[in-house]
Amino acid sequence: MATTAHRRYAEIMRDVEELINDHIVQQQRGTSERSKLKLLVPSVGKFFTPLALEEAFNFQDEKRRISSRRFVPPSFNDIRLTLNSAQLISLVRDGPIQLVTFDGDVTLYEDGQSLKEGNPVIQQILKLLTRGIHVGIVTAAGYTESEKYYARLYGLIDAVVDAIAAKELEDPKLVVLGGESNFMFELNYNVEHFLQHIPRARWLLDDMRQWREEEIQELLDVAEQALQECIDSMHLSAEILRKERAVGIIPSTSPGSQKFTREQLEETVLVTQQILDLSRVGKKVPFCAFNG
């Protein structure tokens, strides 16, 4: 039974892989709207690399024994890991790799925690830096001070600094991009907390330069009002936290306050996103509404 299941799963992955390859060919011709994948999934976006899905599935099936399960079908995690492996295989084959980026929470470390010394991912990132590959930590955490990013990433940063001191690394390229692409810091061995703030003028894309500060603040005003309406309508024990480029809700510190439920948070996100989508400024300034 496991052999039959494996063959069928692999065939499905091969079919999807071929659909993606066809879509990439149509992209290159400027006719992506004609791809079979686009007809099946109208919202599909651009693919920058092929995806070796069949090979990736074979790799993950060997590790996770997906085909050997009788009652539990392939899960979200099974598919996610297969996609991750397919992307890695494609990147390595198409190389050379110049940049690797990582999310922070629930990727490099547990949600709300820090990347501490001893974490096995640190040695892997050091290997990337040793090979001259640029490494970026891309996080939603919107701090304006290097000290706070250092507190979240100190295990990695200290390991890189130690490797520099031991002459095991020379001029490593490590950057931190925080606040959903609003604040950039790069490794600097000679400054406090080893992270140097980089002014936006040095790294903003041309499209980002068109965003006016008053429109950004107007967008945050609309979002803040939407959040307040959610607090009132669902009687949330919440306080609004407004930052330079973000606004959100945090649990209230008042006595007797209750924790948020997942459903309340999801409702808040969807309501806020819809209000922003329909607003004038929401059509001009890109934004991200999420439950962190």
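**Reading the sheet, the cavity and the pocket**

Tutor: Helix α6 (residues 146-165) lies across β2 (134-138), β3 (174-178), β4 and β5, and this description, like the others here, refers to a predicted model.

Student: What angle does helix α6 make with β4?

Tutor: Helix α6 runs at about 20° to β4. Since such angles run from 0 to 180 degrees between N-to-C directions, the value also tells us that the two axes point broadly the same way.

Student: What makes the pairing in the open sheet of 5 strands mixed?

Tutor: The order of the strands is β1-β2-β3-β4-β5, and both senses of pairing occur along it: β1 and β2 run parallel, as do β2 and β3, whereas β4 (residues 183-187) and β5 run antiparallel.

Student: How do you know which strands are the edge strands?

Tutor: An edge strand pairs on one side only, which is the case for β1 (99-102) and for β5 (195-198). Between neighbouring strands of this sheet, the turn is 25° on average, with direction ignored.

Student: Why do β4 and β5 count as a pair?

Tutor: A pair needs at least two bridges, and 4 bridges join β4 to β5, so the criterion is met. One of the partnerships is that of Met-184 with Ile-198 in β5.

Student: How many bridges support the pairing of β1 with β2, and how many that of β2 with β3?

Tutor: There are 4 bridges between β1 and β2 and 4 between β2 and β3, so both pairs satisfy the requirement of at least two. In the pairing of β1 with β2, Leu-99 stands opposite His-134, while Val-138 has Leu-177 in β3 as its bridge partner.

Student: Why is the unit of β1, helix α5 (residues 121-130) and β2 called right-handed?

Tutor: The term applies if, with the strands pointing away from the viewer, the path from the first strand over the helix to the second runs clockwise. The unit of β1, α5 and β2 is right-handed, so its path over α5 runs clockwise in that view. A second right-handed β-α-β unit consists of β2, α6 and β3.

Student: What makes β6 (residues 238-242) and β7 (residues 247-251) a pair?

Tutor: They pair in the antiparallel sense over 5 bridges, and a hairpin joins β6 to β7 through 4 residues. Among the partnerships, Glu-239 is matched with Ile-250 and Ile-240 with Ile-249. In a regular strand the side chains alternate between the two faces of the sheet.

Student: Why is the space lined by Tyr-109, Ile-137, Thr-139 and other residues called a cavity?

Tutor: A cavity is a set of points where a 1.4 Å probe fits but cannot get out. The structure holds 1 cavity of 30 Å³ or more, and its volume is about 30 Å³. Its lining also includes Tyr-149, Arg-152 and Leu-153, and the largest share, 3 residues, comes from α6.

Student: How is the lining of this largest cavity divided by class?

Tutor: It has 6 nonpolar, 1 polar and 1 charged residues. Tyr counts as nonpolar, so Tyr-109, Tyr-143 and Tyr-149 belong to the nonpolar group, and Arg-152 is in the charged class.

Student: What is known of the second largest pocket?

Tutor: About 400 Å³ of space lies in this pocket. Of its 20 lining residues, the closest to the centre are His-134, Lys-173, Leu-174, Val-175 and Glu-186. The elements giving two or more residues to the lining are β1, β2, β3 and β4, and β2 gives the most, with 4 residues. By class, the lining divides into 12 nonpolar, 4 polar and 4 charged residues.

Conventions
Residues are numbered from 1 along each chain as its sequence is written. This is a predicted model: local features need pLDDT of at least 70, side-chain atom pairs count only at pLDDT 80 or more; totals for chains, interfaces and linings use all residues. Side-chain values use heavy atoms; hydrogens and water are left out. Contact means heavy atoms within 4.5 Å. On a 1 Å grid over the protein atoms alone, a cavity is a set of points where a 1.4 Å probe fits but cannot get out, and a pocket is an open set with protein on both sides within 12 Å along at least five of seven lines; lining residues have an atom within 4 Å of a point. Grid points are joined across faces, edges and corners, and a volume is the space filled by probe spheres set on the points.
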